Amino acid sequence: MTEAIQSLKTLPSTAPTVPIENKLLLTLKEVQALTGLSRETLREAIASNQLKAQIVGKAWRVKRKDLEEYIENL
């Protein structure tokens, strides 16, 4: 059983991966990585409509364009 699990871990992912610099929609974790802002700061900005974001599925997503506008207004 553990051999089967290990072999699955070594298989390449079938989901395409897009480098963060090419993504149009960013997760809060990615926004944190790009800006250095805390998750709490980002959530407060979303709640106060300073940063436009939308829940997609179960997680927040931020358009890169909206993030750039938010950063310009800091």
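## A tour starting from D66

Begin by selecting D66, which lies in helix α4; helices here are DSSP runs of H or I with at least four residues, strands are runs of E with at least two, and both are numbered from the N terminus. What you see is a predicted model, in which local features need a pLDDT of at least 70 and side-chain atom pairs count only at pLDDT 80 or more, while totals for chains, interfaces and linings use all residues. Residues are numbered from 1 along each chain as its sequence is written, and side-chain values use heavy atoms, with hydrogens and water left out.

**Stop 1: D66 and its surroundings**

Is D66 buried or exposed? D66 is buried, yet D66 has no salt bridge, and the nearest side chain of opposite charge, that of K52, is 4.5 Å away. Buried stands for a relative accessible area under 20%, exposed for one over 50%, and partly exposed for values in between, with a 1.4 Å probe and protein chains only. For charge, Lys and Arg count as positive and Asp and Glu as negative, whereas His and the chain ends are not counted. A salt bridge requires a side-chain nitrogen of Lys or Arg within 4 Å of a carboxyl oxygen of Asp or Glu. If you now show L51 and K52, you will find that D66 touches both of them, when residues up to four places away in sequence are not counted; a contact means heavy atoms within 4.5 Å.

**Stop 2: the whole of α4**

Next, select residues 64-72, which make up α4, and colour R64, D66, L67 and Y70, which are buried. These residues cover an arc of only 160° around the axis, which puts them on the same side of α4; the arc is that of the directions from the helix axis to the C-beta atoms. Turn to the other side of α4, and there you meet K65 and E72, which are exposed. To see what covers the buried residues of α4, add elements including β1 (25-27), α2 (28-35), α3 (39-47) and β3 (59-63).

**Stop 3: helix α2 and V31**

Now move to α2, where the buried residues are L28, E30 and V31. Seen down the axis of α2, these buried residues fall within an arc of 155°, so they line one face of the helix. K29 and A33, on the other side of α2, are exposed, while the cover over the buried residues of α2 includes β1, α3, β3 and α4.

Stay in α2 and pick V31, which is buried with a relative accessible area of 0%. Which residues does V31 touch, once residues up to four places away in sequence are not counted? They are L26, G36, L42, V62 and L67. Just after α2 comes G36, which takes a positive phi of about 80°.

**Stop 4: the nonpolar core**

Select L26, L28, V31, L42, A45, I46, L51, V62, L67 and Y70 together, and you have the ten residues of the largest nonpolar core. Such a core is a set of buried Ala, Val, Leu, Ile, Met, Phe, Trp, Tyr and Cys residues joined through side-chain atoms within 4.5 Å. Helices α2, α3 and α4 each supply at least two residues of this core, and the largest share, three residues, comes from α3. In soluble globular proteins, nonpolar side chains tend to be buried together.

**Stop 5: a salt bridge**

How many salt bridges are counted here? The count comes to one, and to see this salt bridge you should select K23 and E30, whose closest N and O atoms are 2.6 Å apart. K23 counts as partly exposed, at 25% relative accessibility, whereas E30 counts as buried, at 15%.

**Stop 6: N49**

Go on to N49, in the loop between α3 and β2 (54-56). N49 has a positive phi of about 65° although N49 is not a glycine, and N49 is exposed, with a relative accessible area of 67%. Most residues other than glycine have a negative phi.

**Last stop: the whole chain**

Finally, show the entire protein chain, which has four helices and three strands and follows, read along the sequence, the pattern α-β-α-α-β-β-α. Of its 74 residues, 18% count as buried. Among the contacts in the chain with a separation of 6 or more, 47% are between residues 24 or more positions apart.
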